[in-house]
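This briefing sets out the strand arrangement, helix packing, pocket lining, backbone geometry and record annotations of one protein model. The points are grouped by topic for reading alongside the structure.

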Amino acid sequence: MKTEIIEINALKRAGEIIRAGGLVAFPTETVYGLGADALNGAAVKKIFEAKGRPSDNPLIVHIADKNQIPLLAREMNAAAKKLIDAFMPGPFTIILKKQGNIPDEVTAGLDTVGIRFPSEKTAAEFIAAAKTPIAAPSANISGRPSPTRAEDVIFDMDGRIDAVINGGACGVGVESTIVDASGPVPVLLRPGGISLEELQSVVPETIADKNIMQTVSENEKPRCPGMKYRHYAPKARVVVVEGEKEPVQKKIRELLEENKDKIAGVLTMYGNVYDSAVMICGGATNTEYAKNLFAALRDFDKLGADIVFAEFNENDGCGAAVKNRLYKAAAHNIIRCCAK
Ligand code: TXA
Ligand code: MG
């Protein structure tokens, strides 16, 4: 199968592919998604095959109109309503009790469904053109960094999917904030562009799941099935070097000296300069860092880096989302630097 590249002025064609049971990758404000008709179980199954995704990991359903929510969810309590009013459309996914018409392939047999209304104009127009809700995970091969550029989708998926919509770079850069609002108290399952503090400003009782920052153990059944799987891993080994500017710089210089025999990369946040390394700028704030992180991890691979040191400091609202992705990419290999 040859993967077609669809420009953003030809979304009608993308809608036709979806209605014929095909797969189309599309840009959203968070990352690129790999979409199929959410009401067509056979089409949804192809997503799992194309990505190499375990079938027990459910998909999020994307909509372009809040009126579609009751068609997908059978219950919505007052907290869920408040969250929907405040954060949809946007980089936000809500988990609700599902309606019976959603195929089991989408929800991996769970009684709940994740619903997301992207704010990105191309995403909303594509979903509207498809005239059906779109089931979509991130458009990467399972385990690799999520794609934030059409070229990253092509790199992973060329020949495996029908088409990709060429919509440029994603604005947020990390996946949506996921909140399970199917029970009495909303629970944050994945940090993203919307912080826990922002969620709590709308529903103060909102809590964070304990598994957000730790590795899920073998026998545990996490509330968010995706938490079990290793994520965002580039080929290079990633080491997070966390702290203030000067100690981080000192430590990375030492590490570069120790790793002279390897091709080393540094993902920078402070504008520090390192002589013997390939440098990519993550950004001066965590909002910028989020936008650039996945693309940078992929670019280090293309440059042949064996090891990547990532400068990091969790100093603003988006910091929790970056930390979650970066720690996973580094398989929790973290060096914390103190001022002295
Ligand atoms: O920003 C995003 O959310 C992107 C774009 C394309 O919308 N999508 C995305 O999908 O990141 P994916 O499949 O890569 O991550 C979805 C996560 C998975 O960890 C999955 O286990 C979890 O959401 N999930 C989906 N449905 C769920 C449900 N009913 N209950 C709990 N977790 C669920
Ligand atoms: Mg994913």
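**Strand pairing around S8**

Val24 has Ala163 of strand S8 standing opposite. The model is a predicted one, and the strands S2 and S8 to which this pairing belongs run parallel, joined by two bridges. An open sheet of eleven strands and an open sheet of five strands are described below, followed by a pocket, two backbone features and the UniProt annotations.

**The eleven-stranded sheet**

- The strands of this open sheet follow the order S1-S8-S2-S3-S7-S4-S6-S5-S9-S10-S11, and their pairing is mixed.
- Strand S1 (4-7) and strand S11 (207-208) each have a single partner strand and stand at the edges, so one side of each has no neighbour in the sheet.
- Helix H7 (residues 150-157) packs on the sheet, where it touches S1, strand S2 (24-26), strand S3 (33-37) and strand S8 (163-166).
- The direction of helix H7 makes about 165° with that of S8.
- S1 and S8 run parallel and are joined by four bridges; within this pairing, Glu7 stands opposite Asn166 in S8.
- An antiparallel pairing is found between strand S4 (residues 60-62) and strand S7 (residues 134-136), which share three bridges.
- Ile60 has Ala136 as its bridge partner in S7.
- In a regular strand, side chains point alternately to one face of the sheet and the other.

**The five-stranded sheet**

- The order of strands in this open sheet is S14-S13-S15-S12-S16, with parallel pairing.
- Strand S14 (278-281) and strand S16 (334-336) are the edge strands, and each pairs on one side only.
- Leaving direction aside, neighbouring strands of this sheet are turned against each other by 20° on average.
- Strand S12 (residues 237-242) and strand S15 (residues 307-312) run parallel and are joined by six bridges, with Val239 standing opposite Phe309 in S15.
- Helix H10 (residues 286-302) lies across S12, strand S13 (264-268), S14 and S15, and runs at about 165° to S13.

**The second largest pocket**

- Rolling a probe the size of a water molecule over the atoms reveals where empty space remains.
- The volume of the second largest pocket is about 200 Å³.
- Its lining comprises 15 residues, and those lying nearest the centre are Leu188, Pro191, Leu196, Glu314 and Ala320.
- At least two lining residues come from each of helix H8 (196-202) and helix H11 (319-329).
- By character, the lining of the second largest pocket divides into eight nonpolar, three polar and four charged residues.

**Backbone features**

- Most peptide bonds are trans, and most residues other than glycine have a negative phi.
- The peptide bond from Met88 to Pro89 is cis, with omega near 0°.
- Pro89 is placed in the loop between helix H4 (78-87) and strand S5 (92-97).
- Ala108, a residue other than glycine, has a positive phi, near 50°.
- The loop that holds Ala108 runs between helix H5 (104-107) and strand S6 (112-116).

**UniProt annotations**

- An unreviewed UniProt entry assigns the annotation "domain: YrdC-like" to residues 8-194.
- The end C-alpha atoms of residues 8-194 are 27 Å apart, and this span is 30% helix and 20% strand.
- The unreviewed UniProt entry places the feature "binding site" at Thr30, His62, Arg116, Ala136 and Ser176.
- These residues are spread over 147 residues of sequence yet cluster in space, with a largest C-alpha distance of 12.7 Å.
- Of this group, His62 lies in strand S4, and Ala136 is the bridge partner of Ile60.
- The UniProt annotation "binding site" (unreviewed entry) also covers Arg53, Asn57, Thr112, Ser138, Ser146, Arg190 and Tyr232.
- These residues span 180 residues in sequence, and their farthest two C-alpha atoms are 25.3 Å apart, so they do not all gather at one spot.
- Asn57 is located in the loop between helix H2 (41-51) and S4.

Definitions and conventions:
Residues are numbered from 1 along each chain as its sequence is written. Chains are lettered from A and ligands numbered from 1 in the order in which they are written. This is a predicted model: local features need pLDDT of at least 70, side-chain atom pairs count only at pLDDT 80 or more; totals for chains, interfaces and linings use all residues. Side-chain values use heavy atoms; hydrogens and water are left out. Two strands pair if DSSP finds at least two bridges between them. Contact means heavy atoms within 4.5 Å. Axes are lines fitted to C-alpha atoms, for helices over the stretch in contact, and angles run from 0 to 180 degrees between N-to-C directions. On a 1 Å grid over the protein atoms alone, a cavity is a set of points where a 1.4 Å probe fits but cannot get out, and a pocket is an open set with protein on both sides within 12 Å along at least five of seven lines; lining residues have an atom within 4 Å of a point. Grid points are joined across faces, edges and corners, and a volume is the space filled by probe spheres set on the points. Ala, Val, Leu, Ile, Met, Phe, Trp, Tyr, Cys and Pro count as nonpolar, Asp, Glu, Lys and Arg as charged, and the others, Gly among them, as polar. UniProt positions are given in the numbering used here, feature names are shortened, and annotations may be inferred rather than shown by experiment.
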